[in-house]
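Let's take a walk through a protein model together, stopping at a handful of spots along the way. Keep the picture in view as you read.

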Amino acid sequence: MKSTGTRRRQGASNSDAAILLEHVSKSYTVGIPALNDVNLHINKGEFVFIVGDSGSGKSTLIKLLLRELLPTSGRIMVNGTDVVRLKRRNIPKFRRSLGVVFQDFRLLKDRNVYENVAFAQRIIQKPNREIRRNVPSILSMVGLAGKYKARPKQLSGGEQQRVALARALVNKPQILLADEPTGNLDPKNSWEIMNLLEKINNNGTTVLVVTHNREIVNAMQKRVITMKKGIVVSDEEKGGYIDED
């Protein structure tokens with residue numbers, strides 16, 4: 001299904017949207033814009049893949065959703081917040097409603113697994129008694145209950161990504177953004193991470209995954225949004241990875 005306008009499920013309204021982009025463009029310099037009049041409607045609770053070649057606009061999209069960048073034009077709503085109009089002082093609070101996982105894990109090398117996950121709770125000043133309850137619970141969910149004392153260098157790549165997932169989830173975000181979460185992993189660990197993301201989604205979290213992994217995209221049959229040169233060229237309910245000419 002080609003998508004030229006904002007896509008909604010039948011009967012959906014803007015109040016159903018976890019993420020809403022209306023006529024969003026982003027230009028860095030003169031020339032082809034990184035995003036060009038993009039419209040997206042992602043419902044609460046959806047699992048969505050964003051795919052496309054390098055330079056298609058995927059990274060710019062993630063940065064706009066995190067309010068690391070502002071669009072050149074257009075409207076962006078995330079969890080009901082108008083991201084474009086968001087005051088700078090309110091950005092940290094806004095980001096607490098988002099969980100983010102990156103390809104390179106971004107763990108604190110000098111802290112163990114427990115402290116890496118607890119760090120996300122300390123930032124928002126959770127009481128110690130809650131941290132002591134929440135961290136073991138989320139580590140158990142990602143299958144790392146027995147590794148809480150390990151340092152990142154003692155873990156495999158798959159285990160490090162599980163720690164990153166636990167850290168992203170411990171504050172119970174409404175939306176999880178995963179930017180190439182399997183990019184540094186072998187096939188077995190990649191599937192384990194994707195199965196975890198599906199489990200998280202089944203518990204109600206909206207999951208948005210940027211990936212180049214064709215096998216996973218084709219096998220999981222989730223909604224797939226394909227980008228090319230800053231525009232959405234395809235938006236399919238149960239899609240696959242499209243080979244671009």
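**A walk through the model**

Leaving out residues up to four places away in sequence, Asn 213 touches Thr 182 and Ser 190. Before we go on, keep in mind that this is a predicted model. You'll find Asn 213 in the loop between β8 (206–210) and α7. Is it buried or exposed, or somewhere in between? With a relative accessible area of 21%, Asn 213 is partly exposed; buried would need a value under 20%. Its side chain also has a polar atom 3.1 Å from the backbone nitrogen of Ile 216. For a sense of scale, pick out Leu 144: it is 69 residues away from Asn 213 along the chain, and the two C-alpha atoms are separated by 25 Å.

Now follow the chain to Gln 221, which sits in the loop between α7 and β9. Gln 221 isn't a glycine, yet its phi is positive, near 55 degrees. It is partly exposed, at 38% relative accessible area. Lys 229 has a positive phi too, near 50 degrees, and its place is in the loop between β9 and β10 (231–236). Lys 229 counts as exposed, because its relative accessibility is 57% and the cut-off for exposed is over 50%. One more positive phi turns up at Arg 67, near 65 degrees, following helix α1. That helix covers residues 58–65, and six of its eight residues are buried. Leu 61, Ile 62, Leu 64 and Leu 65 are among them, and so is a charged-type name you might not expect on the list, Lys 58.

Next up are the charged pairs. Here's the idea in general: side chains of opposite charge can pair when their charged atoms come close. How many salt bridges does a search of the whole structure find? The count is 11. Let's look at a few.

Start with Glu 198 and Lys 222, whose closest N and O atoms are 2.8 Å apart. Glu 198 belongs to helix α6 (residues 187–202), while Lys 222 is in the loop between α7 (214–220) and β9 (223–228), so this salt bridge ties together parts that are 24 residues apart in sequence. The two partners differ in how covered they are: Glu 198 is partly exposed at 26% relative accessibility, whereas Lys 222 is buried at 16%. Some salt bridges also share partners, and that joins Glu 46, Arg 223 and Asp 235 into one network.

Another bridge has Lys 147 meeting Glu 159, with 3.3 Å from N to O. This pair links distant parts of the chain: Lys 147 is in the loop between α4 (128–141) and α5, and Glu 159 is in helix α5, 12 residues apart. Lys 147 is partly exposed, at 33%, and Glu 159 counts as buried, at 18%. You can also find Glu 130 and Lys 126 meeting in a salt bridge, again at 3.3 Å from N to O. Lys 126 is partly exposed, with a relative accessible area of 31%.

Stay with helix α5 (residues 157–169) for a moment, as Arg 167 is found there too. Which side chain of opposite charge is nearest to Arg 167? That would be Asp 104, but it is 7.6 Å away, and Arg 167 is buried with no salt bridge. A salt bridge would need the nitrogen and oxygen to be within 4 Å. What the side chain of Arg 167 does reach is the backbone oxygen of Phe 105, at 2.9 Å. Setting aside neighbours within four places in sequence, its contacts include Leu 107, Leu 108, Asn 116, Val 117 and Ala 120.

Arg 106 is also in contact with Arg 167, and it leads us to the rings. The charged end of Arg 106 sits over the ring of Phe 102, 3.7 Å from its centre. We meet Lys 222 again here, lying over the face of Phe 47 at 5.2 Å from the ring centre.

Last stop: a search of the whole structure finds one aromatic pair. The partners are Phe 47 and Phe 49, with ring centres 5.3 Å apart and planes at 65 degrees, so the pair is edge-to-face. Both rings belong to buried residues, with Phe 47 at 6% relative accessibility and Phe 49 at 0%.

Conventions: Residues numbered from 1 in each chain as written. Predicted model: local features only at pLDDT ≥ 70, side-chain atom pairs only at ≥ 80, totals over all residues. Heavy atoms only, no water. Helix = DSSP H or I, 4+ residues; strand = E, 2+ residues; numbered from the N terminus. Buried < 20%, exposed > 50% of the residue type's maximum accessible area, 1.4 Å probe, protein only. Lys, Arg positive; Asp, Glu negative; His and termini not counted. Polar contact = N/O pair within 3.5 Å; in protein donor to acceptor, adjacent residues only side chain to side chain. Contact = heavy atoms within 4.5 Å. Phe/Tyr/Trp six-rings, centres within 6.5 Å; stacked < 30°, edge-to-face > 60°. Lys NZ or Arg CZ within 6 Å of the ring centre and 35° of its normal.
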